[in-house]
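Please look through the sequence and the structure shown here before reading on. The report is meant to be read with both at hand.

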Amino acid sequence: MSSSIEVRVAEVEALNPLIRRLRLQTPTGQALPAFNAGAHVRVQVSLSAEQQDWRHYSLINPLPETGATSAPTHYDIAVRREDEGRGGSRFMHGLQVGDRLVIEPPKNDFPLHGAHAPVLLVAG
């Protein structure tokens, strides 16, 4: 299992009534592990007072800037609320600025190879 990273919710933005963007950063503001297009992080969620589980969320980079993926100061994820789901998205939608989470470093199961032109990935 990968080592875990403690992060805090630095920003929350409602993108629409069902989707929230969460900005995650370390409590000290230090750089997070690098990632590339298509990567995701595993986030520990609380389903009840007694039950923890993990959910995967794709990392997004809406405003590319130098170092945004090689030495990121934050990770952005977007979470769709699924009221009929098992509870992970409801937990994520209840988070507020300052809340702490445990995540695992980015992982990319399908990295892009040989992309020399700009690439836009769209998740659905």
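What follows goes from the overall fold to the charged side chains, the aromatic rings and two further residues.

**Overall fold**

The coordinates are those of a predicted model, and the descriptions below should be read with that in mind. The protein chain contains one helix and six strands, and these elements follow one another along the sequence in the pattern β-β-β-β-β-α-β. Of the 124 residues in the protein chain, 29% are buried. The surface that the protein chain exposes comes to about 7900 Å², and 51% of this area is supplied by carbon and sulfur atoms. Contacts across long stretches of sequence are well represented: when the contacts between residues at least 6 apart are taken, 62% of them join residues at least 24 apart.

Strand β3 is joined to strand β4 (residues 52–60) by seven bridges, and the two run antiparallel. Together β3 and β4 make a hairpin, with five residues lying between them. Within this arrangement, R42 has H56 of β4 standing opposite.

**Charged side chains**

Eleven salt bridges are present in the structure, and the table gives three of them, with the distance between nitrogen and oxygen.

| Residue pair | N to O distance |
|---|---|
| E11 and R23 | 3.7 Å |
| E104 and R42 | 2.9 Å |
| K107 and D109 | 3.6 Å |

The salt bridge between E11 and R23 connects two strands, because E11 belongs to strand β1 (residues 5–14) and R23 to strand β2, so that parts twelve residues apart in sequence are tied together. E11 counts as partly exposed, since its relative accessibility is 32%. This bridge also has a wider setting, in that E11, E13, R21, R23 and D76 are linked in a network of salt bridges.

D76, one of the members of that network, is found in strand β5 (residues 75–80). Its side chain and that of R23 are joined by a polar contact of 2.8 Å. With a relative accessible area of 4%, D76 is buried, whereas E11 in the network is partly exposed.

The salt bridge of E104 with R42 has its closest N and O atoms 2.9 Å apart. E104 lies in the segment after β6 (100–103) and R42 in strand β3, so this pair ties together parts of the chain that are 62 residues apart in sequence. The two partners differ in burial class: E104 is buried, with a relative accessible area of 8%, while R42 is partly exposed, with a relative accessible area of 21%. In the salt bridge between K107 and D109, D109 counts as partly exposed, at 45% relative accessibility.

**The aromatic pair**

How many aromatic pairs does the count give? The count comes to one aromatic pair. This pair consists of F35 and Y75, whose ring centres are 5.8 Å apart and whose planes meet at 80°, so the arrangement is edge-to-face; the cut-off for that class is an angle over 60 degrees. The two rings link distant parts of the chain, for F35 is in the loop between β2 (19–25) and β3 (40–46) and Y75 is in strand β5, 40 residues apart. F35 counts as buried at 13% relative accessibility, and Y75 is buried as well, with a relative accessible area of 0%.

**Two further residues**

T69 lies in the loop between β4 and β5 and is partly exposed, with a relative accessible area of 28%. Apart from its neighbours within four places in sequence, T69 is in contact with A34, F35 and N61, and F35 is also a member of the aromatic pair described above. The C-alpha atoms of T69 and L32 are separated by 9.1 Å, although these residues are 37 residues apart along the chain.

Is Q25, a residue of strand β2, buried or exposed? Q25 counts as buried, at 19% relative accessibility, and this value falls in the buried class because the cut-off is under 20%. Leaving aside its neighbours within four places in sequence, Q25 is in contact with V7, R8, A10, L32, T73 and H74.

Methods:
Residues numbered from 1 in each chain as written. Predicted model: local features only at pLDDT ≥ 70, side-chain atom pairs only at ≥ 80, totals over all residues. Heavy atoms only, no water. Helix = DSSP H or I, 4+ residues; strand = E, 2+ residues; numbered from the N terminus. Buried < 20%, exposed > 50% of the residue type's maximum accessible area, 1.4 Å probe, protein only. Polar contact = N/O pair within 3.5 Å; in protein donor to acceptor, adjacent residues only side chain to side chain. Phe/Tyr/Trp six-rings, centres within 6.5 Å; stacked < 30°, edge-to-face > 60°. Salt bridge = Lys/Arg side-chain N within 4 Å of Asp/Glu carboxyl O. Pairing = 2+ DSSP bridges. Contact = heavy atoms within 4.5 Å. Areas by Shrake-Rupley, 256 points an atom, 1.4 Å probe, with all protein chains shown as cover.
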